[in-house]
Amino acid sequence: MGDIGQQGLLAAAFLVAVSILLQVLACTTNHSAHPLYMMGFYLFTPLPLFLCDSKEDFGEGNGFRVLSNFVLGMFAVSGPCLTMVLSHQDYINTGATVLSLAGGVLTAISVGIVKKYKSQDEFAF
């Protein structure tokens, strides 16, 4: 693994750590554990991308990739939408909403970094 791949992986790990920190801070500003529900969605979002995204073609139509994109979209939309619904119903306050959404953005950026370096030949799991 090259030096740039290591730096990218280190940056992604740092962003995930900051994202988890923001989710925990959202729990402390709200005095409840409701923002942890969103962290579950944010952490499960990249799983279909990494499990079903392969270079092999499984046949005509490649249904695994279509299913992967559907589940990825479902998780990616569910996290911020659940944040907004809980905020609208006054289960979480505005500060917790902002922290939770910022944590989701950082998680999405870290998934993009890992996806970018995973597609290169020198960075393999």
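The following paragraphs describe the helices, buried residues, aromatic contacts, surface patch and cysteines of a predicted model.

The protein contains five helices and zero strands. Read from the N terminus, its elements follow the order α-α-α-α-α. Of its 125 residues, 30% count as buried.

Helix α5 spans residues 94–118 and comprises 25 residues. The distance from its first C-alpha to its last is 36 Å, close to the 36 Å expected at 1.5 Å a residue. Several positions of α5 are buried, beginning with A96, T97 and S100. The buried set continues through G103, G104, L106 and T107, and it also takes in S110, V111, I113, V114 and Y117. In general, an α-helix has 3.6 residues a turn, so residues three or four places apart point the same way.

Aromatic contacts were examined next. In general terms, a pair of aromatic rings is described by the distance of the centres and the angle of the planes. Two aromatic pairs were counted in the model. In one of them, the ring centres of F41 and F75 lie 6.2 Å apart and the ring planes meet at 55°. Planes under 30 degrees apart would count as stacked and those over 60 as edge-to-face; the angle of 55° falls in neither class, so the pair of F41 and F75 is tilted. This pair links distant parts of the chain, as F41 belongs to helix α2 (residues 35–44) and F75 to helix α4 (residues 63–88). The two residues are 34 residues apart. Together with F44, F41 and F75 form one aromatic cluster. F41 has a relative accessible area of 25%; because buried means under 20% and exposed means over 50%, F41 is classed as partly exposed.

A nonpolar patch is present on the surface, formed by I20, V24 and L43. Together these residues have about 210 Å² of accessible area. I20 is located in helix α1, which covers residues 3–30. With a relative accessible area of 32%, I20 is partly exposed.

The structure holds zero disulfides. The cysteines C27 and C81 were also assessed for accessibility. C27 has 14% relative accessibility and therefore counts as buried, given the limit of 20%. C81, in contrast, has 41% relative accessibility, a value between the limits of 20% and 50%, and so counts as partly exposed.

How values were computed. Residues numbered from 1 in each chain as written. Predicted model: local features only at pLDDT ≥ 70, side-chain atom pairs only at ≥ 80, totals over all residues. Heavy atoms only, no water. Phe/Tyr/Trp six-rings, centres within 6.5 Å; stacked < 30°, edge-to-face > 60°. Helix = DSSP H or I, 4+ residues; strand = E, 2+ residues; numbered from the N terminus. Buried < 20%, exposed > 50% of the residue type's maximum accessible area, 1.4 Å probe, protein only. Patch = residues over 30% accessible without salt bridge, like charges linked within 9 Å, V, L, I, M, F, W, Y side chains within 5 Å. Areas by Shrake-Rupley, 256 points an atom, 1.4 Å probe, with all protein chains shown as cover. Salt bridge = Lys/Arg side-chain N within 4 Å of Asp/Glu carboxyl O. Expected span 1.5 Å × (residues − 1). Disulfide = S-S within 2.5 Å.
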